[in-house]
Amino acid sequence: MVSTTPAGLQIRPRHMDFDLPNPLPRHWHGGDAFKSHWFDAMSVLFPDGERFFIDSVRHFREQIDDPLLQEQIRGFIGQEGHHSREHLEYSNRLRDLGYDIAAIERRAQVRIRYTQKKLSPQRRLAATAALEHITAILADGLLEEPRYLAGAHPTMARLWRWHALEETEHKAVAFDVYNQVCGNRKLLRRAMLMATWFFVLDTSRGLVHMLKRDGLLWNWRVWRDGLQWMWGKHGVLRPLLGTYRDFFREDFHPWQHNNLELLYRTRTEFDPQLEPSTA
Ligand SMILES: [Fe+2]
Ligand SMILES: [Fe+2]
């Protein structure tokens, strides 16, 4: 089978216009600097990152004969395009608060340009499939676990839930395209190691920058509580490790982790006319 997305699951962009709070409360996530800036640091990377994903998939579009996967590619491009737009607005709010967003963006752009010059299209697609797995597991955690966004500004929470929902809907698209046009698992695993390294590095750098500007970089309580929230006994990231590791299995594909029920449940927040069973 060419597409591994569950039968009948439509991938369509939702045209959202979030009207983000202006000015953005600096610590919009329940007054917590660490949590707010961890999300902020990811968000700043999205517009360039998602454009890179779109380009990587689009490069192979012509080689895909399967009409269903073609349609899903269209949905994927549409969704990522909308995410970029909303997250750019988010970046502007952060700029207004005095953070050096341009420096973070520049670093991401330099890296993307480097990969476009030095890596083959297959490797760029492998990197895209790997990063899509990282976003898919983060999205799954976010939708599943209320502690992810507990206490957050409601509009910000809605933005993140919308993004997480669509990441879940299209989580297999880049992977399926990769399988069609290349499929080399060794390359894919290597891409995952690189993707993980740069994802952690870049989000950490963004987080450090924003905490520094807030004068909280050397506040041990901020780090203790933040790391506890992520990796502690009931940490939000800890349960995702197993699904992360599944990517390295020879027979892995993204819908082996079947969270369709969670997806349909979340859809009712954004597509209220749909009943969970028919969504
Ligand atoms: Fe996205
Ligand atoms: Fe995505």
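## Contacts of a buried threonine

Two residues are said to be in contact when heavy atoms of one lie within 4.5 Å of heavy atoms of the other. In this predicted model, and leaving aside residues up to four places away in sequence, Thr168 touches Ala139, Leu143, Trp255, Asn259 and Leu263. Thr168 belongs to helix H5, which runs over residues 154-169. Because a residue is called buried when its relative accessible area is under 20%, Thr168, with a relative accessibility of 2%, counts as buried.

## The first iron ion

Which residues coordinate the iron ion (ligand 1)? Its donors come from Glu50 (OE), Glu80 (OE), His83 (ND1), His163 (NE2) and Glu167 (OE), at distances of 1.9 to 2.3 Å. Along the chain, these donor residues follow the spacing E-x29-E-x2-H-x79-H-x3-E. Distant parts of the chain are linked in this way, since His83 lies in helix H2 (residues 67-96) and Glu167 lies in helix H5, 84 residues apart.

Are His83 and Glu167 buried or exposed? His83 is buried, with a relative accessible area of 0%, and Glu167 is also buried, with a value of 4%.

## The second iron ion and the bridge

The iron ion (ligand 2) is coordinated at 2.0 to 2.7 Å by Glu80 (OE), by Glu132 (OE) twice, by Glu167 (OE) twice, and by His170 (NE2). The six donor atoms subtend angles of 52 to 153° around this ion, and the arrangement is therefore irregular. In sequence, the donors of the iron ion (ligand 2) are spaced E-x51-E-x34-E-x2-H.

Glu80 bridges the iron ion (ligand 2) and the iron ion (ligand 1), and the two ions lie 3.9 Å apart. Because Glu80 sits in helix H2 and Glu167 in helix H5, this pair ties together parts of the chain that are 87 residues apart in sequence. Both Glu80 and Glu167 are buried.

## The nonpolar core

In soluble globular proteins, nonpolar side chains tend to be buried together. The largest nonpolar core of this model has 89 residues, and the members that touch the most other members are Phe39, Tyr90, Tyr148 and Trp160. Helix H1, which spans residues 33-58, gives the most to this core, with 13 residues.

What does Phe39 touch, when residues up to four places away in sequence are not counted? Its contacts are Trp28, His29, Tyr90, Leu142, Tyr148, Leu149, Trp160 and Trp229.

Note on methods. Residues numbered from 1 in each chain as written. Chains lettered and ligands numbered in written order. Predicted model: local features only at pLDDT ≥ 70, side-chain atom pairs only at ≥ 80, totals over all residues. Heavy atoms only, no water. Helix = DSSP H or I, 4+ residues; strand = E, 2+ residues; numbered from the N terminus. Buried < 20%, exposed > 50% of the residue type's maximum accessible area, 1.4 Å probe, protein only. Core = buried A, V, L, I, M, F, W, Y, C linked by side-chain atoms within 4.5 Å. Donors = N, O, S within 2.8 Å, 3.2 Å for Na, K, Ca; no water. Tetrahedral: all angles 85-135°; square planar, octahedral: opposite > 155°, others 65-115°.
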